[in-house]
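Visitor: I am new to this structure and would like a close look at a single part of it. Could you take me slowly through the place where the ligand sits and the strand that leads up to it?

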Amino acid sequence: MLMTSQYDRLAAMNKAHVWHPFTQMKDYCNGDPLIIERGDGIMLYDLHGRGYYDGFSSVWLNVHGHNVPELNAAITEQLGKVAHSTLLGMANVPAIELAENLVRIAPKGLTKVFYSDSGATGVEIAIKMAFQYWHNRGIRGKSSFVTMNHAYHGDTIGAVSVGAIPLYHEKFRPMLFSPHIIPYPNAYRHPGGADGAAEATLAALRSLLETRGNEIAALIVEPIVQGASGIIVMPPGCLRAIADLCREHGVLLIADEVATGFGRTGAMFACELEGVSPDLLVAGKGLTGGYLPLAATLATDEVYQAFYADYEEQKTFFHGHSFTGNPLGCAVALASLQLLEDRGIVQSVNGKAAFAARRLEALVDLPHVGDIRQQGLMVGIELVRDKITREPYDWTERVGVLVCQRARELGMLTRPLGNVIVFIPPLVSTTAELEAMLHILASAIRDVTESGWRPER
Ligand code: PLP
């Protein structure tokens, strides 16, 4: 039984010493912080013992739920052997086995695995590899990058450079390299709908590659679903066309599958949905089932061969991290992949997604639900002030934040992306759990947008 003083003590220390990511600390310090103590299945429990559905998979990464015996055992077993040894010039058992497994499940042609510890570092690696690939081949001038409007690839400087969300990225622009930015096809916000949006994207890319293709090292894309911009789903065929244009113009394709990988979109990797094999693929988040910080950048043999040379040629990829290939992370990733396979989890996603889609239909007619976007178990619900004109709520109204606060009060955790409510449940969620979570989501949206619910002060 919790002594009230334990919560008070931790809450005070939290406010005194912890600086939370993507959080205005002045707001945060004025509230009662949620302090999670344990997890079980798709539930998280706070210090008071109150349970919450993990409706956003602890920031889009949980696959099998929390406190999973098989994943716990994999870590404990590895811990009994070695917690960490470096991958700089030497190997460890789980890092080798995981690399072989990743290559087996990855899109065709990706045969080499370079480890790191977060999505952002995985993206840095892909960017640097693409840049050095052309350099090592002796082709000068292919040094710039293409990204998409509203892209998010993580928070390190290279990843921020290829980011294009004004609120997050613009203030850092003076310290970043400048990519070419083409529009991301946002069907809801484009006057021509899905077709018009796709055409605009492809026309911009075609024209850029025709005029400046010989200066461009790579294009980076969040395949099929652009996540942090508001769960925006690409019109069908668009990713395939982007990949074809890159190939035609000798530009490498980097698929950032940090959010979309490991079954989230209904396929093991989103690229598979359109038969795309990128030159570089970044995986993170769900790689360890959401247990430990591990990421992987996969490369084709063609990319790898540009670095494979006599030492004197100085073509080595001089990049690495202290925890590259951490054995605990690799061991739990192996166990997670095994569970995905044994339990047919990826194959189950489309059925669950169809169930969620049927329940989401009930929200379509709500007066402030503008758009519902879904790919697999990635859902974004865009709230608007005016459904007819699609006028957004002003950001100062914090409608997304309010809906998530109400959802938390009703027993489900999620975080908004501006006016978009995110629903990204763990892949193992049962239909009963999906039903319960979607019920909370609908109630929270109604309470805030129709009944004027506001938190008690
Ligand atoms: N790339 C994409 C598409 C993401 O959605 C994210 C995080 O949400 C990242 C990269 C960054 O990953 P991390 O937070 O592990 O650095």
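Guide: What follows starts with the chain as a whole, goes on to the ligand, and then follows the strands behind the ligand's surroundings.

Please keep in mind throughout that this is a predicted model, and that every value given here is computed from it. The protein chain has 15 helices and 18 strands. Its radius of gyration is 22 Å, close to the 23 Å that the globule rule gives for 457 residues, so the chain is as compact as a globular protein of that length. Along the principal axes, the C-alpha trace spans about 65 × 60 × 45 Å, and 53% of the 457 residues count as buried.

Turning now to the ligand, the residues that surround it are Trp60, Ser118, Gly119, Ala120, Tyr152, His153, Gly154, Glu222, Asp256, Val258, Ala259 and Lys285. Sorted by character, this shell divides into 5 nonpolar, 4 polar and 3 charged residues. Three contacts with the ligand can be described atom by atom, beginning with the side chain of Asp256, where an N or O atom lies 2.6 Å from a nitrogen atom of the ligand. In the case of Gly119 the backbone takes part, since one of its polar atoms is 2.8 Å from an oxygen atom of the ligand. The side chain of Lys285, in turn, places an N or O atom 3.0 Å from an oxygen atom of the ligand. As for how much of the ligand is covered, taken alone it exposes 390 Å², and the protein buries 82% of that.

Asp256 deserves a second look, as this residue of the ligand's shell also belongs to strand β10, which covers residues 252-256. The strand is mostly covered, with 5 of its 5 residues buried. In a regular strand, side chains alternate between the two faces of the sheet. In β10, Leu252, Ile254 and Asp256 point one way while Leu253 and Ala255 point the other way, and all of them are buried.

Strand β10 has a partner in strand β7 (residues 216-221), to which it is joined by 4 bridges, the two running parallel. Within this pairing, Ala255 of β10 is the bridge partner of Val221. Another partner of β10 is strand β11 (residues 280-283), paired with it in the parallel sense over 3 bridges, and here Asp256 itself has Val282 as its bridge partner. The residue whose side chain comes 2.6 Å from a ligand nitrogen is thus also bridged to β11.

Following the pairing on from β7, we find that this strand too is mostly covered, with 6 of its 6 residues buried. Strand β5 (residues 144-148) is joined to β7 by 3 bridges, and these two strands run parallel. In that pairing, Leu219 of β7 is the bridge partner of Val146.

To gather the picture, Asp256 is in the shell around the ligand, points the same way from β10 as Leu252 and Ile254, and is bridged to Val282 in β11, whereas Ala255, which points the other way, is bridged to Val221.

Notes: Residues numbered from 1 in each chain as written. Predicted model: local features only at pLDDT ≥ 70, side-chain atom pairs only at ≥ 80, totals over all residues. Heavy atoms only, no water. Near = heavy atom within 4 Å. Polar contact = N/O pair within 3.5 Å; in protein donor to acceptor, adjacent residues only side chain to side chain. Areas by Shrake-Rupley, 256 points an atom, 1.4 Å probe, with all protein chains shown as cover. Nonpolar A, V, L, I, M, F, W, Y, C, P; charged D, E, K, R; others polar. Buried < 20%, exposed > 50% of the residue type's maximum accessible area, 1.4 Å probe, protein only. Pairing = 2+ DSSP bridges. Rg over C-alpha atoms; globule rule 2.2 N^0.38 Å.
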